[in-house]
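Visitor: I'm new to this one, so could you take me in close on a single part? I'd like to hear about the salt bridges, with just enough background to find my way.

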Amino acid sequence: AVSVLDLPVSTTIRCLSRRAKMTGVAKGAALDELFQANLGDIINPMIKENDTPLYLHIPKAGGTAVIDYYRCLGLVTSENLYISEGRSHIMLETHSVEGIHQAKDLEIVQRGLADVIFTPLLPAAMEMFDSNHQARVFALFRHPIDREVSLYYYRQIADWEGDGVYAPELANTPIETYFEQLKDRTDNFLISLLLNK
């Protein structure tokens, strides 16, 4: 199977734009331009010194292990980036649109402050980059059923996550019933993630 991230940038942009238009996302053309200008083509082996790896964090697909791996290598990631601006000390996070806007305002990519950017919000994250400082996107994918099984058990214990994720009542719900409830769901998590919905 070929993932959208294995395709040349131009093909990926066309696929995402077509999907954006089909789902009613109003910014299809702007999304095209943003990806075209700010996303490095993976087919091109010439990675510019100013390019920054961007890990597309798909929940329950090994992202925490990837973050830990880069920390072990001693690399600065957007997960452990603290910036001092005068008397201000900022702990950056790129898992929210607000955090991405803050990272853009601080020009963390242009200033080379992070070795790797981690985010689940690819379209929003593209705004941190420019044509001279492009993103080189990579991701880990997990089989969708394995991911949902992991999420089922995770939601039972993740009291630190808050509303929408933490669901201790699932401990009393058989996994078969949980999946039965999911079968009529029409949203596509990965497409929603890529389109910033």
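Guide: Happy to. Let's set the scene: the protein has eight helices and five strands, where helices (H or I, at least four residues) and strands (E, at least two) are DSSP runs numbered from the N terminus. Starting from that end, the order is α-α-β-α-β-β-α-β-α-β-α-α-α. Keep in mind that this is a predicted model, where local features need pLDDT of at least 70 and side-chain atom pairs count only at pLDDT 80 or more, while totals for chains, interfaces and linings use all residues. Residues are numbered from 1 along each chain as its sequence is written, and side-chain values use heavy atoms, with hydrogens and water left out.

Now for the salt bridges. Side chains of opposite charge can pair when their charged atoms come close. Here a salt bridge is a side-chain nitrogen of Lys or Arg within 4 Å of a carboxyl oxygen of Asp or Glu, and the count comes to two.

Look at D51 and R136, whose closest N and O atoms are 3.0 Å apart. This pair links distant parts of the chain: D51 sits in the loop between α2 (28-38) and β1 (52-56), while R136 belongs to strand β5 (residues 135-139), 85 residues apart. Both D51 and R136 are buried, meaning under 20% relative accessible area with a 1.4 Å probe, counting protein chains only. Across the protein, 38% of the 197 residues are buried.

Then there's E148 with R147, whose side chains meet in a salt bridge at 3.7 Å, N to O. E148 and R147 are buried too.

Terms used: Buried < 20%, exposed > 50% of the residue type's maximum accessible area, 1.4 Å probe, protein only.
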